[in-house]
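Work through the exercises below with the sequence and the model open. Each task is followed by a solution in steps.

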Amino acid sequence: MVWLTAAVAVAAAPGERLPWPDKSGPTFDGHAAAEDCAGVPTTWDEASGKNVAWKIPIEGAGLSTPVIGHGKLWFTSATEDGKQQYVYCVEAASGRVLHHKLVFENPEPEPLGNPVNTYASPSCYLEPDAVYVHFGAYGTARLDPETASVVWQRRDLPCRHFRGPGSSPVVFQDLLILTFDGIDLQYVEALDKRTGKTVWHTPRSTDYKDLNAEGKPKADGDLRKAYHTPVITMVDGQPQLISIGSKAGFGYEPLTGKEIWTFEHSDMNASARPLFLPHQVIVNTGGSELYNIRLDSTARGNVSKSHVNWMRKKNNAKLSSPVVVKGRIYYVTDKGVVFCVDAAKGEELWAKRLGGQFVASPVVIGDLIYFCDEVGTSYVIRAGTEYQEVAQGLLSDGMRASPAVANGALYMRTFNSLYKIAAK
């Protein structure tokens, strides 16, 4: 079975379907598959138990979104001090914990220096025969999805994360592609997903424009830091890895790591994933800028002046990824304002202040968009040319991890628990 998307298709074994194999779902853009949408509740309430199928406690901290397949959910957690990092496997039907496995131990982890991030923020990537877990420079491993046993692991890919890891892995053909944008090193690394051996290594070519007379950085820190997870799409029949770092974005050949094009931006700490329209990519660079860039075979070298269709300079999302529905971009700022922007023109269509703080990315279920804030309130709106709120859901615990959808249920990871939201 194959799910088609503007990004490269996700393939599964015959007769098998992975409803949510990646942090952003089966099409890498926050959209649930049509067969998973039926029956997903728009309202729930923990106090009354309305539409809360089960709730289980989670040990440790983490922002990774559950990935779902084989009737199981996989996600990571870590101790607050980062010295131990775990993977969870939970039975979707019952909430029973099948595995709670210690994957890596770190005697002296780098301090986070960030009140939002954790030592278990990258999400897993799921295939029919593999679960890939990633904790940035602290380690990467392939696990057996039946036993959670380690098939291979790598702990020799360096990076000073400074404010913690955030980039999740992606798979293309036989490659597991990892992104490292730290304060000392910035590069993309492709591993053979069967063996864990490096296939290619590509340093960022970014000119940070902050070197002193001796050619050394004037100061380290956020200027080089990013949390971005790339997406692979087809451009005039050829695959491209679209990857956004601090101060620059890139298109790479996913099989070789060769840089195809780059564009410069003035932002840092990019975390939102790219979104695609025909021959266009929508890029959020970290909160200050939102771009529409033309994607075609003429994109070569520096395309900062030649291929930018429009750029929006203010009122953009910072941590929560946008979604595109029927040619319109929807996103929520960290201060709780929802915006709807025409994707082709960059024109603002409407804005609505919800209030609160938002880190989790929204999910799209049919024509409904679910936004979840840090205190436990979720807002369900209908995609359209004006703001239309359908319902609200309430949990007793807030969340920063993005929700996932499978088989008519919504799975929500809060600070301390994992919930299955489904009609009883």
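The exercises deal with sheets, a buried strand, cores, a cavity and backbone angles.

The model is predicted: local features need pLDDT of at least 70, side-chain atom pairs count only at pLDDT 80 or more, and totals for chains, interfaces and linings use all residues. Residues are numbered from 1 along each chain as its sequence is written, and side-chain values use heavy atoms, with hydrogens and water left out.

**Exercise 1.** Determine the strand order and the edge strands of the open sheet that contains β6 and β7, then place His-100.

Step 1. Helices (H or I, at least four residues) and strands (E, at least two) are DSSP runs numbered from the N terminus, and two strands pair if DSSP finds at least two bridges between them. The sheet has 4 strands in the order β4-β5-β6-β7, with antiparallel pairing.

Step 2. Pairing on one side only marks β4 (67-69) and β7 (97-105) as the edge strands. On average, neighbouring strands of the sheet are turned by 20° against each other, direction ignored; axes here are lines fitted to C-alpha atoms, and angles run from 0 to 180 degrees between N-to-C directions.

Step 3. β6 (residues 84-91) and β7 are joined by 7 bridges in the antiparallel sense, and Tyr-86 stands opposite Leu-102 in β7.

Step 4. His-100 lies in β7 and is partly exposed, with a relative accessible area of 30%; the classes are buried under 20%, exposed over 50% and partly exposed in between (1.4 Å probe, protein chains only). Not counting residues up to four places away in sequence, His-100 touches Glu-59, Ser-77, Tyr-86, Val-87 and Tyr-88, where contact means heavy atoms within 4.5 Å. From His-100 to Val-90, 10 residues apart in sequence, the C-alpha to C-alpha distance is 8.7 Å.

**Exercise 2.** Is strand β27 buried or exposed, and which strands pair with it?

Step 1. In β27 (residues 337-342), 6 of the 6 residues are buried, so the strand is largely enclosed by the rest of the structure.

Step 2. In a regular strand the side chains alternate between the two faces of the sheet. Here Val-337, Phe-339 and Val-341 are buried on one side, and Val-338, Cys-340 and Asp-342 on the other.

Step 3. β26 (residues 328-332) pairs with β27 over 5 bridges, antiparallel, and β28 (residues 348-353) is likewise joined to β27 by 5 antiparallel bridges. Val-338 stands opposite Val-332 and has Lys-352 as its bridge partner in β28.

Step 4. The hairpin of β26 and β27 has 4 residues between the strands, with Gly-336 at a positive phi near 85°. Between β27 and β28 there are 5 residues, and Gly-346 in that turn has a positive phi of about 80°.

**Exercise 3.** Find which residues of the largest nonpolar core touch the most other members, and which strand gives the most to this core.

Step 1. A nonpolar core is a set of buried Ala, Val, Leu, Ile, Met, Phe, Trp, Tyr and Cys residues joined through side-chain atoms within 4.5 Å. The largest has 34 residues, and Ile-365, Tyr-370, Leu-410 and Met-412 touch the most other members.

Step 2. Strands that each supply at least two residues of this core include β3 (52-57), β30 (368-372) and β35 (417-421). β34 gives the most, 4 residues.

Step 3. Beyond four places in sequence, the contacts of Leu-410 include Trp-44, Ile-365, Tyr-370 and Tyr-419.

Step 4. Another core, of 30 residues, lies apart from this one; Ala-137, Ile-244, Phe-263 and Leu-295 are among its members.

**Exercise 4.** Which strand supplies the largest share of the lining of the largest cavity?

Step 1. On a 1 Å grid over the protein atoms alone, a cavity is a set of points where a 1.4 Å probe fits but cannot get out, and lining residues have an atom within 4 Å of a point. The structure holds 1 cavity of 30 Å³ or more.

Step 2. The largest cavity has a volume of about 50 Å³; grid points are joined across faces, edges and corners, and a volume is the space filled by probe spheres set on the points.

Step 3. Its lining includes His-134, His-161, Asp-181 and Lys-225. The largest share, 3 residues, comes from β13 (residues 175-181).

**Exercise 5.** Examine the phi angles of Phe-28 and Asp-236.

Step 1. Most residues other than glycine have a negative phi. Phe-28 has a positive phi of about 65°, and Asp-236 has one of about 50°.

Step 2. Phe-28 lies in the loop between β2 (10-11) and α1 (34-37) and is buried, with a relative accessible area of 9%.

Step 3. Asp-236 is in the loop between β16 (231-235) and β17 (238-245) and is partly exposed, at 44%.

Methods
On a 1 Å grid over the protein atoms alone, a cavity is a set of points where a 1.4 Å probe fits but cannot get out, and a pocket is an open set with protein on both sides within 12 Å along at least five of seven lines; lining residues have an atom within 4 Å of a point.
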